[in-house]
Amino acid sequence: MLNAEIKSDVLKELVEIVGTIVDEVKINMDEDGLSLKAVDPAHVAMVDLTLKSDGFESYEANETELGLNLNKIEQFLKLSGPSDIIKIVHEEEENRLTMNVRNITQKMPLLDTAGMTDPNVPSLDLPINLRIKGEHLLNGVKASENISDHISITVTTDGFEIFSEEDENEVEMSLGEDELEELNANEEVRSLFALDYFSDMVKCVSKDTILDIEMGADYPIKIQFDFADDNGNVRYLLAPRIEST
Amino acid sequence: MLNAEIKSDVLKELVEIVGTIVDEVKINMDEDGLSLKAVDPAHVAMVDLTLKSDGFESYEANETELGLNLNKIEQFLKLSGPSDIIKIVHEEEENRLTMNVRNITQKMPLLDTAGMTDPNVPSLDLPINLRIKGEHLLNGVKASENISDHISITVTTDGFEIFSEEDENEVEMSLGEDELEELNANEEVRSLFALDYFSDMVKCVSKDTILDIEMGADYPIKIQFDFADDNGNVRYLLAPRIEST
Amino acid sequence: MLNAEIKSDVLKELVEIVGTIVDEVKINMDEDGLSLKAVDPAHVAMVDLTLKSDGFESYEANETELGLNLNKIEQFLKLSGPSDIIKIVHEEEENRLTMNVRNITQKMPLLDTAGMTDPNVPSLDLPINLRIKGEHLLNGVKASENISDHISITVTTDGFEIFSEEDENEVEMSLGEDELEELNANEEVRSLFALDYFSDMVKCVSKDTILDIEMGADYPIKIQFDFADDNGNVRYLLAPRIEST
């Protein structure tokens with residue numbers, strides 16, 4: 001059972017974030033809120049997202065799984081303004097989801113979740129962590145897009161650097177400790193990533209969002225942030241690209 | 001003879017409305033104003049438009065027919081701002097139209113109107129009529145575009161509904177009597193229409209325009225509205241699509 | 001040696017103007033500022049541009065030549081806002097240019113200037129000159145784009161006219177002496193030009209910029225204007241198109 005109301009912009013942000021990884025997703029609902037885990041088809045990026053019931057305007061649910069096509073929800077949300085309230089009802093007998101905004105009601109069949117298993121989120125103990133404004137990451141990503149399709153991220157004991165190079169062209173964004181919100185690094189680590197995943201993810205984060213980043217040398221990068229007035233949490237994991245030598 | 005001045009935004013609206021039906025049109029001028037009737041190449045939609053001389057800034061004309069290419073006029077209008085005054089002169093000897101805005105003058109040859117006959121507007125006595133804000137129709141059309149390429153419109157004794165479905169996905173916009181400007185219906189009627197014509201037409205109407213709609217069950221829908229400070233009138237007729245059973 | 005700072009919007013304007021002619025260019029630097037001359041691959045249009053050291057926020061240079069790819073600089077400038085300061089350093093040993101804005105630094109290899117000779121700017125003594133607002137030229141060019149791919153420009157003793165025609169469609173923009181900033185013409189001259197070059201050039205000039213134009217009958221047109229608070233100067237030369245008779 002699900003009978004909830006949510007602000008359009010909160011649902012939009014959720015759909016955008018998860019949509020960078022998959023088009024179809026299984027969402028787990030229970031009385032406390034929703035959670036989902038998804039991995040992209042190439043098994044390079046993973047998202048682990050929760051949204052507590054307080055992130056909704058009203059919320060009533062039993063434990064259930066919903067298989068959703070995110071593109072259809074995104075199209076529906078285009079009919080709404082940011083502060084419109086979206087009503088969501090799970091019609092169990094018809095196995096479909098009903099969404100409503102103002103005087104418009106859309107009904108969509110749910111996907112079969114039988115083959116949609118929750119991916120295992122690897123437990124990683126990463127040596128470095130820092131906090132950084134979304135704006136900085138966005139600038140670094142945009143600069144790198146001019147140069148190459150991969151980026152390296154380096155964290156030292158006193159700063160953070162995004163670097164990209166190809167055919168003798170190079171671009172670098174350097175932030176000192178004072179330009180970061182927090183930096184805990186006892187060693188220098190560096191990892192290389194495919195730019196497209198990174199770029200899609202960073203572009204759906206607002207400029208003022210503070211991102212928690214954990215890294216190790218040639219380890220996956222973990223990016224965490226809150227949304228929906230801290231009632232929602234996103235953990236994003238991106239595998240490193242092994243450098244050819 | 002034609003020697004007239006008209007506000008750019010009035011002429012733009014006229015060209016947009018008629019342009020949803022045809023690219024080339026015969027306009028009939030006389031001393032009281034202009035009128036035109038046009039039917040689309042597939043004979044599905046028809047427009048019947050009049051603009052009285054008071055809708056012009058200045059107007060002087062004898063009875064004459066002008067064959068116009070609407071795309072050329074639309075391009076010329078892009079050179080003007082909404083409140084610019086467009087001067088229009090029919091140069092009879094050269095058989096061309098001269099349009100002027102500020103210090104720019106464009107001359108275009110007129111089309112041969114010999115083969116352009118005025119279509120017969122069918123006289124329909126439709127049982128239901130209602131008045132509705134353009135905004136509502138626009139929202140219903142946008143929602144339907146996500147789902148299918150046709151829409152059904154249902155009018156009951158107490159409301160108005162746009163419905164669209166395909167592959168188990170459905171969308172519906174429902175308006176109660178209090179959300180309509182007026183509703184005169186003694187029975188329930190329902191007709192199915194191709195969405196593309198409907199959509200093009202609705203998108204060139206402003207949100208605040210009040211539309212007069214007349215309908216019958218599986219009959220053409222008639223949509224009427226005024227423009228140019230009520231000096232212009234548009235009657236739009238769209239044939240129903242017969243439902244396959 | 002080059003070590004300079006320049007406002008992003010000044011450098012953007014320079015790159016846009018020269019970019020209408022060539023993608024790769026040789027820039028000559030000395031202690032007083034920069035200068036460049038470029039001709040398009042078809043040898044139809046030429047630009048001769050100077051920017052004095054006062055057009056920079058800070059400037060230090062010895063005589064040197066830099067071979068630049070304008071597309072790469074344009075992409076870098078997209079990372080900056082109009083009033084951001086761009087730092088530019090020529091790293092002589094590595095033969096590359098370093099550009100910096102905020103905390104982003106891009107390094108790009110310089111092009112070999114061996115084959116890039118300065119074109120000879122023909123010395124022309126043109127009988128007619130006038131001064132005109134960029135806005136007027138822009139309007140004339142936009143109107144002509146609806147009609148044809150070439151324009152004729154006529155200057156008479158009391159006005160200026162842009163004219164374009166094709167397939168019996170004509171458009172004309174006429175300016176009287178009072179709509180020009182200045183007009184010195186003892187005779188009537190007329191030349192025909194390819195619209196695309198003209199159009200690209202005019203579109204990167206702001207509406208309020210005053211353009212100095214020199215013309216002769218079937219001679220190249222010379223368009224001059226200042227930028228960067230009059231510290232920069234552009235001379236643009238476009239060859240006439242010979243009319244087929």
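Copies of a chain are superposed here by least squares on the C-alpha atoms of residues with pLDDT of at least 70 in both. This is a predicted model, in which local features need pLDDT of at least 70 and side-chain atom pairs count only at pLDDT 80 or more, while totals for chains, interfaces and linings use all residues. Side-chain values rest on heavy atoms, with hydrogens and water left out; residues are numbered from 1 along each chain as its sequence is written, and chains are lettered from A and ligands numbered from 1 in the order in which they are written.

**Exercise 1: symmetry**

Find the rotation that superposes chain A on chain B, then do likewise for chain C on chain A.

*Solution.* Start with chain A: a rotation of 120 degrees, with 0.0 Å of shift along its axis, places chain A on chain B at an RMSD of 0.0 Å. Next, chain C goes onto chain A by a rotation of 120 degrees with 0.1 Å of shift along the axis, and the RMSD is 0.0 Å. Chains C and A are therefore related as by a three-fold rotation axis.

**Exercise 2: a sheet across chains A and B**

Trace the strand order of the open sheet that runs from E5(A) to E15(B), and say how its strands pair.

*Solution.* First, fix the terms: helices (H or I, at least four residues) and strands (E, at least two) are DSSP runs, numbered from the N terminus, and two strands pair if DSSP finds at least two bridges between them.

Now walk along the sheet. Its 9 strands come in the order E5(A)-E1(A)-E7(A)-E8(A)-E9(A)-E13(B)-E12(B)-E11(B)-E15(B), with antiparallel pairing. At the edges are strand E5 (58-61) of chain A and strand E15 (189-194) of chain B, each pairing on one side only. Ignoring direction, neighbouring strands are turned by 20 degrees against each other on average.

Zoom in on chain B: strand E11 (residues 150-156) is joined to E15(B) by 6 bridges, and the two run antiparallel. There, His150(B) has Ala194(B) in E15(B) as its bridge partner.

Finally, add the helices, taking contact as heavy atoms within 4.5 Å; axes are lines fitted to C-alpha atoms, for helices over the stretch in contact, with angles from 0 to 180 degrees between N-to-C directions. Helix H1 (residues 8-19) of chain A lies across strands E1 (2-7), E7 (85-91) and E8 (96-101) of chain A, at about 100 degrees to E1(A). Helix H2 (residues 70-77) of chain A touches E7, E8 and strand E9 (104-109) of chain A as well as strand E13 (169-176) of chain B, and makes about 175 degrees with E9(A).

**Exercise 3: an edge strand of chain B**

Which side chains of E5(B) point to one face and are buried?

*Solution.* Buried means under 20% relative accessible area, exposed over 50%, and partly exposed in between (1.4 Å probe, protein chains only). In a regular strand, side chains alternate between the two faces of the sheet. E5(B) alternates as well: Tyr59(B) and Ala61(B) point to one face and are buried, whereas Ser58(B) and Glu60(B) point to the other and are not. As for pairing, 4 bridges join E1(B) to E5(B) in antiparallel fashion, and Ser58(B) is the bridge partner of Glu5(B).

**Exercise 4: aromatic pairs**

How many aromatic pairs does a search of the whole structure find?

*Solution.* Rings of Phe, Tyr and Trp (its six-membered ring) pair if their centres lie within 6.5 Å; planes under 30 degrees apart are stacked, over 60 edge-to-face, and the rest tilted. The search gives 6 pairs over all chains. One of them is the tilted pair of Phe56(A) and Tyr59(A), at 4.7 Å centre to centre and 45 degrees between the planes. Phe56(A) and Tyr59(A) are buried. In chain C, Phe56(C) and Tyr59(C) form a tilted pair, at 4.7 Å and 50 degrees. Phe56(C) is buried because its relative accessible area is 9%, and Tyr59(C) counts as buried at 16%.

**Exercise 5: positive phi**

Where is Asn95(A) found, and where is Arg102(C) placed?

*Solution.* Most residues other than glycine have a negative phi. Asn95(A) has a positive phi near 50 degrees; Asn95(A) is in the loop between E7 and E8 of chain A and is partly exposed at 40% relative accessibility. Arg102(C) has phi near 50 degrees, again positive. Arg102(C) sits in the loop between strand E8 (96-101) and strand E9 (104-109) of chain C, and its relative accessible area of 40% makes it partly exposed.
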